[in-house]
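Here is a short briefing on one protein chain. Keep the sequence and the 3D view open while you read.

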Amino acid sequence: MALTGSTTEQKIWNYLYGKLGNAYGVAGLMGNLYAESGLSPTNLQNSYESKLGFTDDTYTQAVDNGEYTNFVNDSAGYGLAQWTYWSRKQGLLEFAESEGTSIGDLEMQLDYLMKEMQSSYSSVLSTLKNATTVLEASNAVLTKYEKPADQSTTVQTKRAGYGQTYYDKYAETTAATTTTTKGSDSSMSNSSLVTYTNITKTQKTSPRTHAIDTITIHCVVGQWTAKQICDYFANTDRNASCNYGVGTDGSIGLCVDEADRSWCSSNAANDHRAITIETASDTSSPYAVTTAAYNALIKLVADICKRNNISKLVWSTDKNTRVNHLNGANMTVHRDYANKACPGDYLYNKMSDIASQVNALLGSSDDTSSSDETTTSTAANTSYPATPFKVQVLVSDLNIRTGAGTSYSKTGKYTGKGTFTITEVSNGWGKLKSGAGWIYLENASYVKILGTTSSTTSTTITHTVVKGDTLSAIASKYGTTVAKIVAANKSKYSKLTANYILVGWVLTIPQS
């Protein structure tokens with residue numbers, strides 16, 4: 001599941017509470033992790049930094065890209081729990097590779113920690129779930145999981161004190177939040193627009209483990225009423241369900257409470273954070289829906305957003321942006337996660353309009369003229385000529401950022417309308433020849449790609465790998481082949497193959 005929280009410690013607390021369900025256990029474990037690593041997933045044992053000639057970041061990067069090959073046997077503590085013994089470090093490395101992430105990825109390390117607890121430290125896990133004091137939980141971790149040389153009373157008190165700080169900070173808030181989110185009889189509200197209810201007893205997961213922040217609209221492939229949709233999911237044995245069904249007549253049915261995760265999108269992580277909506281449709285492509293169903297769908301989505309504090313719907317035409325929730329994107333579709341036509345081309349091509357109409361009902365401005373996000377644009381620039389090339393900026397206030405992404409700060413300046421030269425491309429962002437910064441290229445409503453300049457035909461396009469990427473998808477996006485990408489980057493990343501990449505790798509994209 002995706003991590004939630006505005007800080008690292010909050011993300012760790014929320015994750016562990018979701019696994020343990022006991023604030024004393026979470027606090028005791030976190031106090032030990034803080035003592036070991038300061039809650040930094042890239043922490044290299046301090047005494048080994050000078051010995052190995054690495055910092056936290058350079059060590060992590062060297063292991064990720066294959067330049068440093070002695071991670072398993074160097075005896076250096078690493079990560080949240082300062083894994084040190086060779087077999088545990090080997091397990092961490094293999095787990096990171098299986099997940100396709102950096103060894104310093106926070107969520108991966110938390111998953112690995114829980115995997116260790118379940119397979120090799122079951123008594124510690126049991127204590128964490130049932131402890132009645134922070135000290136009890138902390139000592140279990142200290143003496144049976146971390147096992148440092150010094151396990152004195154002084155150390156026990158110190159680590160439990162760290163844990164108590166986290167308990168005092170988060171326990172009360174977490175308990176209050178959990179009370180309002182767990183179970184079908186919880187106080188989390190469902191839509192008052194519902195005209196029929198038939199809750200499935202088995203085709204769901206209760207409760208959901210992520211705050212609701214996403215809308216996923218599906219097509220039923222049948223012009224059914226809401227009653228037919230709900231009755232089907234309540235009685236099916238196909239391991240399928242949805243939160244809401246919108247009927248061909250505009251009726252709205254409740255199949256799975258909003259507090260619970262439906263089984264709808266072929267992806268558990270998406271369904272834990274999304275409200276899923278099955279919409280009555282034709283049985284053949286493009287799977288059109290009736291006007292009554294479409295209007296009811298918009299009203300339902302607006303109601304869901306209002307009650308779940310989603311201030312604005314953001315649709316992107318780029319799958320990678322959607323599934324990784326980049327640039328504020330909070331609408332996904334079933335075809336993002338499975339080889340399916342759902343929601344059909346009719347609804348897929350209406351997503352921009354749905355976002356626009358819902359945002360109007362929410363009172364959220366739909367003006368994107370000064371944005372550098374893909375938002376509700378239906379056109380996208382997905383391939384680029386060799387650099388340098390020229391672009392025409394179509395809006396007067398396109399933001400310039402200090403780097404290739406919205407995580408970089410705005411320079412406070414705009415391009416203005418006109419023609420500009422791009423000298424480098426990375427993840428859909430272009431570097432201005434003037435040196436002023438980077439602009440977003442993918443939104444065709446803002447930028448028109450003109451073509452290669454006459455000065456050179458060489459390419460310096462790069463792509464930073466994010467979770468969910470595959471080489472075949474990257475090759476398709478940039479109009480090249482997997483083999484060419486591998487050949488261009490093999491010397492830099494020795495582990496790179498046609499089927500293996502790691503999040504964070506910056507790939508050079510060769511162009512014909």
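Start at M117. Leaving aside its neighbours within four places in sequence, M117 is in contact with L29, S122, V124, L125, L128 and Y145. M117 also ranks among the residues with the most contacts inside the largest nonpolar core. The model is predicted, and the protein chain averages a pLDDT of 86.

**Nonpolar cores**

- The largest nonpolar core has 51 residues.
- Its residues with the most contacts inside the core are W13, L16, Y59, F71, M117 and Y145.
- Eight named helices give two or more residues to this core: α1 (8-20), α2 (23-37), α4 (56-64), α5 (86-99), α6 (106-120), α7 (122-130), α8 (134-146) and α9 (153-179).
- Helix α6 gives the largest share, seven residues.
- A second core is separate and has 35 residues, including A302, L347, A355 and V358.

**Packing of α1 against α6**

- Two packed helices are described by the angle between their axes and the distance between the axes.
- For α1 and α6, the angle is about 30° and the axes lie 11 Å apart.
- The crossing of α1 and α6 is right-handed.
- On the α1 side, the contact is made by T8, K11, I12, Y15, L16, K19 and L20.
- On the α6 side, L106, L110, D111 and M114 make the contact.
- L16 therefore appears twice: it belongs to the α1 side of this contact, and it is listed among the core residues with the most contacts.

**The six-stranded sheet**

- Six strands form an open sheet in the order β1-β5-β4-β7-β3-β8, and the pairing is mixed.
- Strands β1 (196-197) and β8 (331-332) stand at the edges.
- Each edge strand has a single partner, so one side of each is left without a neighbour in the sheet.
- Strand β4 (residues 244-246) runs parallel to β7, and three bridges join them.
- Y244 stands opposite I277 in β7.

**Strands β9, β12 and β13**

- Strand β9 (residues 389-393) pairs with strand β12 (residues 418-426) in the antiparallel sense, over five bridges.
- F389 stands opposite I422 in β12.
- V393 has G418 of β12 as its bridge partner.
- Which side chains of β9 are buried? F389, V391 and V393 point to one face and are buried, while K390 and Q392 point to the other and are not.
- Strand β12 is also joined to strand β13 (residues 429-432), by four bridges, and these two run antiparallel.
- S426 has W429 of β13 as its bridge partner.
- The hairpin of β12 and β13 has two residues between the strands, and N427 takes a positive phi near 55° there.

**Confidence**

- In the chain, 91% of the residues score a pLDDT of at least 70.
- Strand β7 (residues 274-279) has the highest confidence, at 98.
- Strand β11 (residues 410-414) has the lowest, at a mean of 77.
- Over residues 178-187, pLDDT stays under 50, and the model has 18 contacts for this stretch beyond four places in sequence.
- Residues 454-459 also have a pLDDT below 50, with 12 contacts in the model beyond near neighbours in sequence.

Methods: Residues are numbered from 1 along each chain as its sequence is written. This is a predicted model: local features need pLDDT of at least 70, side-chain atom pairs count only at pLDDT 80 or more; totals for chains, interfaces and linings use all residues. Side-chain values use heavy atoms; hydrogens and water are left out. pLDDT is the predictor's confidence in each residue, from 0 to 100. Contact means heavy atoms within 4.5 Å. Two strands pair if DSSP finds at least two bridges between them. A nonpolar core is a set of buried Ala, Val, Leu, Ile, Met, Phe, Trp, Tyr and Cys residues joined through side-chain atoms within 4.5 Å. Buried means under 20% relative accessible area, exposed over 50%, partly exposed in between (1.4 Å probe, protein chains only). Axes are lines fitted to C-alpha atoms, for helices over the stretch in contact, and angles run from 0 to 180 degrees between N-to-C directions. A crossing is left-handed if the near helix is turned anticlockwise from the far one by less than a right angle, and right-handed if clockwise.
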